[in-house]
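Q: Before we begin, could the teacher explain how one reads burial, strand pairing and salt bridges in a structure?

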Amino acid sequence: MRIGISVAQCDRLARPAAVVAAVKAAEQLGYSSVWVCDSVLDPAGVLSAAAAVSSRVGLGAAILVGDREDPVSLARALATVDLLSEGRLTVTIGLRPGAGDQALDPILDALAPGRAPVLLDGRTRRVLDLAARRAGGWSPAGVPAEHLAPLWAELRGLAAAAGRDPDDVRLVVRAGIDLAPAPAGAGRASYQGDAEQVAGDVDATYRIGADEVVLHLAGDLSLDEALDGYARIAEAAELRATQRPSYQLMNSTTPMVDPSAHST
C-alpha cells in the first residue's frame, strides 16, 4: 500500500519556499504522492511549482466545485499540470457546500479527454454511482474507518452493475490526522491518537481495499513539525507492514520511507 502526504497550503505553509521544500522532502523520503487542497492557494498553481522540483512523486489535487464552475478553464489548468509533471497527476473532485450533485457532470465531461485519473469525493448514492460509472474511483475525506467498508462495497457493486471490473476502480482515502503524543483513550475517533494508533487505522484502511492513504495532519504546523509527524506515522506503519507479506507501503518504483532522514 502507498502512503501520500498533504501539503496544507495555508497558514505557515502557504509560502512558495515551504511548498517547494515539502515536495522535495516527500520525494526524498519515498512517499507515494503529495496532495494539495482547494484552500488559500490555487491547487493547479501549487502543483505546477511542485512538478518543476520533482520527478517521481505523484501529485494530487483535491478540488471543490460548485454549480457555477467553469469546467473548461479547470480542465485546461489541470491538463497543464499533468503535462508539466509528465503524467503524475491524480485529481479528486468534491462539491462545495450547497452545490448540487449535478455540478459534477459537466466537470467530468470536461476532464474526460485528459489523461489524469479523476476520482470523486462524497457519500451520497448519486456520487457513488458517478464514481462507479464515470470516474477512476473514489477518494473520500473525513469518512470514519468503520464506515468505509460498506460504502466501498456498495460502490464496487455499482461498478459491476454498470459493466465495469470493480478492481479497476481505485480507492484513495484522504485521512485527516489528529496526532497526539500519547495514546487516545476509549471512544477515540478514526485517525486520532498517537502514531501507533494512527498506523493501525492506516492498516485497517488497507484491509478494506484502499490503494493509497493520504495523510493530512491537523493544525497550523511548521514544515519540520509536519514532516516529523508524517515520518512517525510512516515508521509505525512500516513496522506493521513487516507482519504482512503482501503489504507494500510504497509501490515497487518508490523507495521505502526513511523516517530518520526528514531534514530539509
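A: We begin with burial: a residue is called buried when its relative accessible area is under 20%, and exposed when that value is over 50%. The model shown here is predicted. Glu-212 has a relative accessible area of 2% and therefore counts as buried.

Q: What does Arg-2 form with Glu-212?

A: The general idea is that side chains of opposite charge can pair when their charged atoms come close. In this structure, Arg-2 and Glu-212 form a salt bridge, and their closest N and O atoms are 3.2 Å apart. Arg-2 belongs to strand β1 (residues 2-7) and Glu-212 to strand β9 (residues 212-217), so the salt bridge ties together parts that are 210 residues apart in sequence. Arg-2 has a relative accessibility of 22% and therefore counts as partly exposed.

Q: How many salt bridges does a search of the whole structure find?

A: The search finds 14 salt bridges. Among them is the one between Arg-115 and Asp-82, at 3.2 Å from N to O. Arg-115 lies in the loop between α4 and β5, whereas Asp-82 lies in helix α3, and the two are 33 residues apart.

Q: Is Arg-115 buried or exposed?

A: Arg-115 is exposed, because its relative accessibility is 60%. Its partner Asp-82 is buried, because its relative accessible area is 6%.

Q: Which residue meets Asp-129 in a salt bridge?

A: The partner is Arg-133, with 2.8 Å from N to O. Asp-129 and Arg-133 are four residues apart in helix α5 (residues 125-133), so about one helical turn separates them. In addition, Asp-105, Asp-109, Arg-126 and Arg-134 are joined into one network by salt bridges that share partners.

Q: Why is strand β4 described as largely enclosed by the rest of the structure?

A: In a regular strand the side chains alternate between the two faces of the sheet. Strand β4 covers residues 89-95, and six of its seven residues are buried, so the rest of the structure largely encloses this strand.

Q: In which sense do strands β3 and β4 pair?

A: Strand β3 (residues 58-65) and β4 pair in the parallel sense, over seven bridges. Ile-63 has Ile-93 in β4 as its bridge partner. Between these strands the chain passes through helix α3 (residues 71-84), and this β-α-β crossover is right-handed.

Q: Over how many bridges do β4 and β5 pair?

A: β4 and strand β5 (residues 118-120) pair over three bridges, in the parallel sense. Thr-92 stands opposite Leu-119 in β5. From β4 the chain crosses through helix α4 (residues 104-111) to β5, and this β-α-β crossover is right-handed.

Methods:
Residues are numbered from 1 along each chain as its sequence is written. This is a predicted model: local features need pLDDT of at least 70, side-chain atom pairs count only at pLDDT 80 or more; totals for chains, interfaces and linings use all residues. Side-chain values use heavy atoms; hydrogens and water are left out. Buried means under 20% relative accessible area, exposed over 50%, partly exposed in between (1.4 Å probe, protein chains only). Two strands pair if DSSP finds at least two bridges between them. A crossover is right-handed if, with the strands pointing away from the viewer, the path from the first strand over the helix to the second runs clockwise. A salt bridge is a side-chain nitrogen of Lys or Arg within 4 Å of a carboxyl oxygen of Asp or Glu.
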